Every structure is written in C-alpha cells, then in structure tokens.
Amino acid sequence: MIRLPTIEIAGETSAGLAGADLGASLNGAPWPPGEGRHLRAGDVIAFSGPREGLRAYLAFRGGVEADLVLGSRSTDLQSGIGGFHGRPLRAGDVLAVAEGRGPLRSAPVPTLRGGDVVRVMAGPRDGLFAEGALTLLTRAPYAVTTESDRVGMRLQGEPIPKAPGSILSEGMPLGAIQVPPSGQPIVLLHARGTVGGYPVLATVISADLPVLARGKPG
C-alpha cells in the first residue's frame with residue numbers, strides 16, 4: 001500500500017515538484033510535476049495517488065535542514081541514520097527549511113522519463129550461465145513483485161536457466177542483475193549492499209535506471 005503525505009506549510013518559502021505524477025495539489029488546485037510554487041503559511045500540499053510513475057520529489061528552496069551524515073541529509077532506513085532522526089516521517093513531524101534565493105522556473109522538459117526500454121550490458125558473470133540465458137532475460141516478460149524496495153527490484157517470470165547459485169562475494173554495481181538459485185532476477189538499486197554472492201548476468205546502464213524507478217509492483 002502506497003502512503004502519500006499531506007503537508008501543511010508553516011511559513012513562507014518556495015518549492016519545486018518533479019518526478020512521477022502522484023496527483024499533487026496545492027490548496028486543492030492541481031500542481032503538475034516540473035513546476036514551482038511560492039508557499040505561504042497555511043498552504044496545504046496533498047497527493048491523491050499515482051497517475052504515472054511511482055516516485056516524486058518535492059524540493060524546498062534552501063533545502064530541508066537535517067544533520068549531515070557522511071555528507072548527506074538523506075535517510076537510510078536500514079541503518080536508522082540521517083534525515084529526520086533516521087526514520088520515515090510521521091504525522092505531526094515538523095521540518096525546518098533553510099533560507100534560499102533565486103527565481104522559480106519550470107522544467108524545460110518532462111521530469112518523468114518516458115518509455116519502457118531498459119538497456120543492459122552483459123556480465124560480468126554471464127559466462128557462468130547456460131547458453132541463451134541473456135537472450136531469455138532480454139526477451140521474456142518479467143513482472144515487478146511486491147518484495148521490491150530501494151535495495152533491489154525482484155522480478156518474476158521464466159527462471160533463468162541453470163543459475164549457478166552463490167559465488168565468492170564481489171562488488172555489486174548499481175543496476176546489477178543478480179540471479180539467485182531460484183532463477184528469478186533481482187536488479188540491485190541504490191540501497192544495495194556493496195558486495196554480493198549471486199552471479200550477475202547483466203547490468204542496467206546508468207542512463208536507464210530512472211526507467212526502473214517507475215516500476216510499480218505488477
């Protein structure tokens with residue numbers, strides 16, 4: 001179940017919206033992705049639900065104030081560090097916004113990348129698989145499962161033949177397509193571990209990672 005926030009503005013600021021169309025509105029009026037808005041105390045930002053894509057970004061002028069952890073203000077939910085007390089936001093939380101300057105502008109291009117093509121490069125362990133494994137991966141239909149998260153996107157479809165199981169752990173790049181003994185591919189995303197023990201049949205090119213980020217379960 002996707003939980004979308006309602007945000008009440010406590011002071012004067014500005015913000016820009018980008019990414020997926022989650023039915024955003026400001027005081028009941030539509031707020032399309034790719035546009036900025038001046039905000040005043042009492043304004044309410046709400047989201048009705050996904051219309052296209054899955055993830056949207058709301059950026060406040062000056063940035064949300066939070067403690068720097070390893071040079072980042074983002075939240076790592078697995079480790080419980082960074083962001084706002086290292087946890088997801090809850091009803092009643094109050095976030096501070098730093099001062100910022102500069103004019104508001106609209107994005108010159110759509111902020112949600114279109115298309116459904118995800119390009120891959122073979123390897124680095126494609127040689128460990130049965131012949132035709134890469135062809136199957138790139139031509140057979142695979143569905144995103146509900147077990148997907150920021151660590152990895154689990155896919156369900158025809159099993160990759162003769163997945164060899166675990167190997168010695170090695171570095172795992174962003175977009176690596178691991179194949180566990182079940183033969184069902186897992187695409188590793190931003191919250192992945194730095195190493196892994198399942199062989200990587202192929203790797204998604206960095207330019208197409210935003211296409212993956214649109215993938216909803218099913």
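## A tour of the salt bridges

Begin by selecting Arg 119, which is partly exposed, with a relative accessible area of 43%; here buried means under 20% relative accessible area, exposed over 50%, and partly exposed in between (1.4 Å probe, protein chains only). The model is a predicted one, in which local features need pLDDT of at least 70 and side-chain atom pairs count only at pLDDT 80 or more, while totals for chains, interfaces and linings use all residues. Residues are numbered from 1 along each chain as its sequence is written, and side-chain values use heavy atoms, with hydrogens and water left out.

Next, add Asp 208, whose side chain meets that of Arg 119 in a salt bridge (2.8 Å, N to O), the term standing for a side-chain nitrogen of Lys or Arg within 4 Å of a carboxyl oxygen of Asp or Glu. This pair links distant parts of the chain, 89 residues apart: Asp 208 lies in the loop between strand S17 (200-204) and helix H2 (209-212), and Arg 119 in the loop between strand S9 (81-82) and strand S10 (120-122). Helices (H or I, at least four residues) and strands (E, at least two) are DSSP runs, numbered from the N terminus. Asp 208 is buried, with a relative accessible area of 0%.

Then move to Arg 125 and Glu 170, which form a salt bridge with the closest N and O atoms 2.7 Å apart. Arg 125 is partly exposed at 34% relative accessible area, whereas Glu 170 is buried at 18%.

Finally, select Arg 37 and Glu 35, whose side chains meet in a salt bridge (3.0 Å, N to O); Arg 37 is partly exposed at 22% relative accessible area, and Glu 35 is partly exposed at 27%.
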